[in-house]
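Me: I would like a close look at one small part of this model, starting from a single loop. Please then work outwards from there, and explain the terms as they come up.

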Amino acid sequence: MQSYIDSNLTAGERVIHRGRINLWSLTPMIVAGALLIWVFGLGLVFWAAAAIRYYTTELAVTNKRVIAKFGFISRHTIEMSLAKVESIQVSQSILGRIFNFGTIIVSGAGNPQAPMPGISNPLRFRTRCMEAQEALRAGS
């Protein structure tokens with residue numbers, strides 16, 4: 001099965017960097033699942049939700065856009081042209097700093113802020129976005 005990102009690339013567009021959800025960001029759901037497994041199997045719901053979030057989240061920087069896709073049955077996407085990106089913020093908690101995960105917040109011209117939570121190695125994702133923006137400007 002082809003990924004959302006790969007199936008939605010435009011002519012001449014190529015993926016520069018793929019991001020992913022960090023398992024440590026899902027720890028609260030995994031722990032809640034372990035604690036509630038004995039309550040009518042309620043823990044399985046938490047584990048399933050964590051697995052769905054992990055396996056259905058796609059993040060990428062291409063030579064033209066920043067793309068994020070969340071969800072399985074209901075889908076939420078963020079697609080922003082690199083030319084329109086004004087700022088890229090990284091937010092990390094103490095645990096996020098220790099286990100190298102955080103939230104990337106992409107802000108663009110005329111677009112509201114687009115948060116992408118739980119990303120593994122968010123500083124590298126931000127760096128790749130900035131490098132792609134510089135390459136786009138240099139090519140124009």
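Reply: Asparagine 100 sits in the loop between helix H4 (94–99) and S6 (helices are DSSP runs of H or I with at least four residues, strands are runs of E with at least two, and both are numbered from the N terminus). The model is predicted, so local features need pLDDT of at least 70 and side-chain atom pairs count only at pLDDT 80 or more, while totals for chains, interfaces and linings use all residues. Residues are numbered from 1 along each chain as its sequence is written, and side-chain values use heavy atoms, with hydrogens and water left out.

The phi angle of asparagine 100 is positive, about 60 degrees, although this residue is not a glycine. Asparagine 100 counts as partly exposed because its relative accessibility is 31% (buried means under 20% relative accessible area, exposed over 50%, partly exposed in between, with a 1.4 Å probe and protein chains only).

After this loop comes strand S6 (residues 101–108), which is mostly covered: eight of its eight residues are buried. S6 runs antiparallel to strand S5 (residues 85–91), and six bridges join the two (strands pair if DSSP finds at least two bridges between them). One of the pairs puts isoleucine 88 opposite valine 106 in S6.

Valine 106 leads on to strand S7, where methionine 116 is placed. Methionine 116 counts as buried because its relative accessibility is 0%. Leaving aside neighbours within four places in sequence, its contacts (heavy atoms within 4.5 Å) include Gly102, Thr103, Ile104 and Val106. The list also holds Val66, Ala68 and Phe70, together with Leu59, Ile78 and Phe125. Alanine 68 is 48 residues from methionine 116 in sequence, yet their C-alpha atoms are 7.4 Å apart in space.

Alanine 68 belongs to S3, and six of the six residues of that strand are buried. In a regular strand the side chains alternate between the two faces of the sheet. In S3, Val66, Ala68 and Phe70 point one way, whereas Arg65, Ile67 and Lys69 point the other way; all are buried. Six bridges connect S3 with strand S4 (residues 76–81) in an antiparallel arrangement, and alanine 68 stands opposite isoleucine 78 of S4. The S3 and S4 hairpin has five residues between the strands, and glycine 71 has a positive phi there, near 105 degrees. On the other side of the sequence, S2 and S3 also form a hairpin, with two residues between them. Four bridges join this antiparallel pair, with lysine 69 in S3 as the bridge partner of glutamate 58.

S2 and S3 also meet a helix. The buried residues of H3 pack against strand S2 (58–62), strand S3 (65–70) and helix H2 (27–36). In H3 (residues 42–56) the buried residues are Gly43, Ala50 and Thr56. With 15 residues, H3 should span 21 Å at 1.5 Å a residue, and its end C-alpha atoms are 21 Å apart, so the two values agree (the expected span is 1.5 Å times one less than the number of residues).

Back at the far end of S7, asparagine 121 lies in the loop between strand S7 (111–120) and helix H5 (122–139). Asparagine 121, not a glycine, has a positive phi near 50 degrees. With 18% relative accessibility, asparagine 121 counts as buried. Alanine 132 is eleven residues from asparagine 121 in sequence, and their C-alpha atoms are 17 Å apart.

Helix H5 also contains glutamine 133. Glutamine 133 counts as buried because its relative accessibility is 8%. Not counting residues up to four places away in sequence, glutamine 133 touches Leu82, Val85 and Ile88. Ile88 has appeared above as the partner of valine 106 in S6, which brings the account back to the strand that follows asparagine 100.

For the wider setting, the chain has five helices and seven strands, in the order α-β-α-α-β-β-β-β-α-β-β-α from the N terminus. Of its 140 residues, 38% count as buried. Among contacts between residues at least 6 apart in sequence, 48% join residues at least 24 apart. The C-alpha trace spans about 60 × 35 × 25 Å along its principal axes.
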